[in-house]
Amino acid sequence: ADQIIASVKNVCSSFCFGIILMHDSEANHATAEALPELIEWAKEAGYTFSAMKKGGQTVHHAGNY
C-alpha cells in the first residue's frame with residue numbers, strides 16, 4: 001500500500017488532471033488499503049473526483065511512472 005501511495009502522489013504532482021486505474025484482487029488487497037489515504041490526500045491537494053461516463057473520452061495506458 002505504501003508503494004502505491006508514493007507512486008500515485010509522485011505521478012499526480014506532475015499533472016493537473018488524470019485518471020488513476022487501480023486494480024485489486026483476491027490475492028492482493030494493497031490497492032484497497034491505499035485508497036483511504038489517497039482519497040484524503042487528493043482532496044486536501046484540491047483534486048476532485050467524478051465518474052467516467054460510457055461513451056466518454058478514450059483512455060490509453062501510458063506506461064508505468
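Reader: Before we start, what does contact mean here?

Author: Happy to set that out, and do keep in mind that this is a predicted model. Two residues are in contact when they have heavy atoms within 4.5 Å.

Reader: Thanks! Of the contacts in the protein chain with a separation of 6 or more, what percentage comes from residues 24 or more positions apart?

Author: Here the count takes in contacts with a separation of 6 or more. Residues 24 or more positions apart make up a share of these that comes to 62%.

Reader: Which helix supplies the largest share of the largest nonpolar core?

Author: The chain offers two helices and zero strands. The largest nonpolar core consists of Ile-5, Val-8, Cys-12, Ala-34 and Leu-38. Both α1 (2-12) and α2 give at least two residues to this core. The largest share, three residues, is from α1.

Reader: Which residues does Ile-5 touch, leaving aside its neighbours within four places in sequence?

Author: Ile-5 is one of the five residues of that core. With those sequence neighbours set aside, its contacts are Ala-34, Glu-37 and Leu-38.

Reader: Now to the surface: why does Ile-39 count as partly exposed?

Author: Let's place the residue: Ile-39 sits in helix α2, which spans residues 30-44. Together with Leu-35 and Phe-49, Ile-39 makes a nonpolar surface patch of about 250 Å². Partly exposed covers the range between under 20% and over 50% relative accessible area. Ile-39 therefore falls in this class because its relative accessibility is 34%.

Reader: And what share of the protein chain's accessible surface belongs to carbon and sulfur atoms?

Author: Of the 65 residues, 14% count as buried. The accessible surface of the chain is about 5700 Å², and the carbon and sulfur share is 55%.

Terms used: Residues numbered from 1 in each chain as written. Predicted model: local features only at pLDDT ≥ 70, side-chain atom pairs only at ≥ 80, totals over all residues. Heavy atoms only, no water. Patch = residues over 30% accessible without salt bridge, like charges linked within 9 Å, V, L, I, M, F, W, Y side chains within 5 Å. Areas by Shrake-Rupley, 256 points an atom, 1.4 Å probe, with all protein chains shown as cover. Salt bridge = Lys/Arg side-chain N within 4 Å of Asp/Glu carboxyl O. Helix = DSSP H or I, 4+ residues; strand = E, 2+ residues; numbered from the N terminus. Buried < 20%, exposed > 50% of the residue type's maximum accessible area, 1.4 Å probe, protein only. Core = buried A, V, L, I, M, F, W, Y, C linked by side-chain atoms within 4.5 Å.
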